[in-house]
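Dear colleague,

I am passing on the structure we spoke about, with the sequence alongside. Please look it over before you read my notes.

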Amino acid sequence: MMRTGTVVACSAAAVLVAVAAGPIEPGRVAASSQQKVLRLATTTSTVDTGLLADILPDFQARCGCRVDVVAVGTGQAIELGKRGDADVLLVHSPEQEAAFMKEGHGIRRDDVMYNDFVIVGPTGDPAGVAKASSARDAFRSIARAAAAFASRGDRSGTHTKERAIWKSAGIDPAEEGPQRPSWYLSVGQGMGETLAFANEKQAYALADRATWTSMQGRLPSLRRLFGGGSGDENPDRDLRNQYSVIVIDQARHPGVKAALGLQFADWLLSKPTQARIAAFGRDSAGRSLFYADSDEYKATDRVRVESGGRSRTFTLGEIAKLRSTTLSGVEYIGVKKGRLGRHAWTGVSLTDLLLALDPGIASKSRSTSTIEVVSSDGWTASFTWHELFGSVSRGEGLYRAKGCNECHGLKAEGTRPEGKRPAPKLLGETYPVGDTTAMIRSGTAQHEGITAYTADRLSDADLAAILGWLARPNQAGTDDVFVVPPPRRIAMLAYERDGRPMTGRDGLIQLVVGFDEFASRYSHWVSEIRVRY
Amino acid sequence: MIDDSLRALGDPALLNIVFLTFRVTGLALVIATAIGVPVGAAVGLARFPGKRLVTLILYTGMGLPPVVVGLWVYMLLSRSGALGSLAWLFTPAAMVLAQTIIAFPLVAALTMSAVEGVDPELRLQVRALGATRRQSSWIVLREARIGLTAAIVAAFGGIISEVGAVMLVGGNIEGHTRVLTTAIVLSTRQGDFGLAMALGTVLLLLALGANAFLLQLQGRAR
């Protein structure tokens, strides 16, 4: 019965040969548990553009670990995070991410980089998208012309963005269900497939610039119609595509490697990695595919000072050579992190720095100037000339020290910030002390929801002094000079905290204001100082 | 296209992918065969109450979409799933598990119908000649060998070309869980249709070779 070696046995033997070609799990599991493995769930764009392949080897060498990259849509990546099946996420859907953090799945979320979206469409541009002034406008004209539009339709970051634009345009073709217009084509696939589809169907589509740039050559009948030639030229800020890294919480999902995840996030946000992200694509595609955006990257080690028609850039080394001052016991309040305790700060006083460039600035004839300290993320803190070089009445000093300027403006001139309640001009107005004190204390009436001004933070006497200054701004007598104790009466560019040089995350050079009690004029990543007249 | 094929073939990463494809599919096929053939044969030969129900389940299993199987396996192996502690998710082991589940009903159901197709007279004759129960089963299986090969070939074809489940539970991790089908999906997504086509050709050639090998064995066993 030798030949009873049946087909089954033979075939089984055949496949066994194939299997024997190499060891397989669980043998492999045992081998790899020796090596640390970090599991990164990310959106397809970071893989499809080749970015991760470019930067990850450096991290793997540093951590002596392997990074397993699972590239899926943002929706699925977030779901993997929620189930604890990934250690870190690199995704681009701020709304979904915020909800994710709120549900407590992540320990940390930081901005990593951004690129932007562009609107592409058939070369003939039947809907006239090229003439649009904003993305919203472009979408409106597509809908008006009932021109074919290819949607990702896969709940990815790009799809989420597309839905948001439709919503802001007051149209929701995706939500109309059975009455969904026939020009709206929900493809339900990745960016590459969607673009290929649009190319065939002569349809419009929203695409992230990185994927579009890398595929452009293979899409002959499509053209970029809105979004400008590069991220910097994009006329619509709403088209920004922000990527962030999230480290999953080990307490919530045991088994997640949070320590390794944090190491990864730190590495990703560090200056060298960020520089590499910024350079990626510039060499091969001729233009950046991603713009580095971490706090650390934005921290500059030089400050450009502009005053009296002169300008000069001071490096950190040059700043450190100027006479230094130390200010101790100043509470450090991070914009995102809240109160972080009291510290001693060392740096150069803002007046010394300005005088080094422009000695004439201290003269009385310049007293109408405003000094603006600008951070690399655009945050601007302002000072009046009197605050730095002259004297300030008690009421005016307290007005800013207590942060009223945050909403009502540096000179109580009133502000209308975008998307927030406008705060009225207060200067020159007379307010009844009793009623106004009650209003500001209780956080009701006009100050509805502003509850910071409790009696221990703002005394009746201080508030009366502020209201007095508002009513008679020009009558402050010399006896009424702002009485902050001299050591605290300083605004400085600090480069050391508690004797240690600052890290990029906090800004290498930071503005610290000794006489302000609220955070309104602290800033990180100071990069420029301008004097305006 | 030819350029792309050459480029693909010259890539050492491709060898890795091909090996992994064969290891995963091969192991899944061996396990599915080892369980599926006896089960299929037993169901085919035996007569018992509920046989129709078992048959129905096996036939339905043949039509199960791989993604659904992938989803089950994912839920099972997820860190917050029942078998999360195995840490199998996104490893080749998870892919083998998923493919085994996909292949099993194919092997079992086709074995069953192959065995049922053998002339019942044959078994009676053999039994009459004094063969034991086991011996007679062997003979029936031998008689049904063409059907059995078809079962294995069908299962092989089903899982080597499958992408939904391995993508979901394997994660298409480069150098670790990337197999031919997921590599094809990736290059398609990247718009590299040339490479995708080339990889498809590689897959086709490999399947051709494997099937030729199986048929050769069947011929020899005759």
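Below is what I found, first for a sheet in chain A and then for chain B.

This is a predicted model, in which local features need pLDDT of at least 70 and side-chain atom pairs count only at pLDDT 80 or more, while totals for chains, interfaces and linings use all residues. Residues are numbered from 1 along each chain as its sequence is written, chains are lettered from A and ligands numbered from 1 in the order in which they are written, and side-chain values use heavy atoms, with hydrogens and water left out.

In chain A, five strands (DSSP runs of E, at least two residues, numbered from the N terminus) form an open sheet of mixed pairing in the order E12-E11-E20-E15-E16, where pairing requires at least two DSSP bridges between two strands. Strands E12 (310–315) and E16 (380–384) of chain A each have a single partner strand and stand at the edges, so one side of each is left without a neighbour in the sheet. E11 (residues 302–307) of chain A pairs with E12(A) in the antiparallel sense over six bridges, and Val303(A) stands opposite Phe314(A) in E12(A).

Chain B, by contrast in topic, comes to eleven helices (DSSP runs of H or I, at least four residues) and zero strands. Its C-alpha trace spans about 65 × 45 × 25 Å along the principal axes, and 49% of the 222 residues of chain B count as buried, that is, under 20% relative accessible area with a 1.4 Å probe, protein chains only.

Best regards

How values were computed
Buried means under 20% relative accessible area, exposed over 50%, partly exposed in between (1.4 Å probe, protein chains only).
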